[in-house]
Amino acid sequence: TGLSRPQRMLKAVQKNATKGDPQSVIAAIDYYCRHKEWAMNVGDDKGPILDSVVSEVNPSTALELGTYCGYSTVRIARLLSPGSKLITVEFNPAYAAVARQIIAHAGLQNKVTLVEGGSGDLIPKIKEQFGITSFDFVFLDHWKDRYLPDIKLLEDCGLLKKGSVLLADNVICPGTPEYLEYVRNSPRYKSQYFQSYLEYTKAEDGLEKSVFLG
Ligand SMILES: Nc1ncnc2c1ncn2[C@@H]1O[C@H](/C=C/CNC(=O)c2cc([N+](=O)[O-])cc(O)c2O)[C@@H](O)[C@H]1O
Ligand SMILES: [Mg+2]
C-alpha cells in the first residue's frame, strides 16, 4: 500500500479510536503495536509509570524530546491541568505529520505544541520563542546518545529549576549508559530506576526518574 508504519498506525487510530477520547487513542495504538506491528512507543507496560510521574509532578510546563507518532505526547497531555503546556520536539517531518493527526484525534492539540526540528537547535531558543523560563517535567525518548548532551544543554540554558523532574525511556534497552552514569553520580540529581519491560515484549527495560536539585 506504500504507507509507512507510522501511517498504518495512524489509520488504525482513525479506524478504532473515538475522536476526542485520549484513552481510546492510547488503547488503539497499543492494540495495533502488540498484535499487528511493533513500534517504539513507550507502551502499556511503561506507560502507567509515565502517567504516575506526570500526575505526581502535575507540570505547568513540560517538554518531550522525540515525539515519534505522539503516543507518549497523548499520554502526558491527557493528564495536564488546564492552562499547562507540553512542548514536544520531532525532527522527522513525516513522523511529525502523523503525530499531529494522532494528537488531534485525541483532542489534545490545544495542550500540545509540536515543534519540528532538532532538540539541540530548539532548546536554546525556547525561552525567547515560548516565554518559558523553566520546565517542571522533561520526558526523554529520542536518540539515546542525545539524552546526555540535551540535559546538559537544558542546564546551561537555565531551563531546569530545583525540583524539575527528568524521566528517561529505554535506560536498559536500547540503553543510555552515559546518561545513566551522569544522573546517578552527579550531585545535582536524585535519581531512581523504575523497572519495567520493553514495549510489547518480555525484555527488560525501565524508566529513570531524576530530580534536579539546583
Ligand atoms: N535530536 C532530536 N531532536 C528531535 N527529534 C529527534 C531527535 N533525535 C531523534 N528524534 C526523533 O525521536 C524519535 C527517535 C526515537 C529513538 N528511540 C529509539 O531508538 C527506541 C528504540 C527502541 N528499541 O529499539 O527497542 C525502543 C524505544 O522505546 C525507543 O525509544 C524519532 O521520531 C526521531 O525522529
Ligand atoms: Mg522509547
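Me: Does N170 count as buried or exposed, and at what relative accessibility?
Reply: In this predicted model, the class of a residue follows from its relative accessible area, and buried means under 20%. N170 falls below that cut-off, so N170 counts as buried, at a relative accessibility of 3%.

Me: Which protein residues are the donors of the magnesium ion (ligand 2)?
Reply: Donors are N, O and S atoms within 2.8 Å of the metal. The protein donors lie 2.0 to 2.2 Å from the ion. They follow the spacing D-x27-D-N along the chain. The residues are D141 (OD), D169 (OD) and N170 (OD1).

Me: At what relative accessibility does D169 count as buried?
Reply: D169 is a donor of the magnesium ion (ligand 2). Buried means under 20% relative accessible area, so D169 counts as buried at a value of 0%.

Me: How many residues surround ligand 1?
Reply: The closest are E90, D141, K144, N170 and E199. By class, the shell holds nine nonpolar, seven polar and five charged residues. The number surrounding ligand 1 is 21.

Me: What percentage of the area that ligand 1 exposes when taken alone does the protein bury?
Reply: The space taken by ligand 1 is the largest pocket. An oxygen atom of the ligand is 2.5 Å from an N or O atom in the side chain of E90, and a polar side-chain atom of E199 lies 2.5 Å from an oxygen atom of ligand 1. Taken alone, ligand 1 exposes 680 Å², and the share of this that the protein buries is 89%.

Conventions: Residues are numbered from 1 along each chain as its sequence is written. Chains are lettered from A and ligands numbered from 1 in the order in which they are written. This is a predicted model: local features need pLDDT of at least 70, side-chain atom pairs count only at pLDDT 80 or more; totals for chains, interfaces and linings use all residues. Side-chain values use heavy atoms; hydrogens and water are left out. A residue is near a molecule or strand if one of its heavy atoms lies within 4 Å of it. A polar contact is a pair of N or O atoms within 3.5 Å; within protein, one must be able to donate a hydrogen and the other to accept it, and residues adjacent in sequence count only if both atoms are side-chain atoms. Accessible areas come from the Shrake-Rupley method with a 1.4 Å probe; for residues, only the protein chains shown count as cover. On a 1 Å grid over the protein atoms alone, a cavity is a set of points where a 1.4 Å probe fits but cannot get out, and a pocket is an open set with protein on both sides within 12 Å along at least five of seven lines; lining residues have an atom within 4 Å of a point. A molecule sits in a cavity or pocket if more than half of its atoms lie within 2 Å of its grid points. Ala, Val, Leu, Ile, Met, Phe, Trp, Tyr, Cys and Pro count as nonpolar, Asp, Glu, Lys and Arg as charged, and the others, Gly among them, as polar. Donors are N, O and S atoms within 2.8 Å of the metal (3.2 Å for Na, K and Ca); water is not among the atoms, so sites may look incomplete. Buried means under 20% relative accessible area, exposed over 50%, partly exposed in between (1.4 Å probe, protein chains only).
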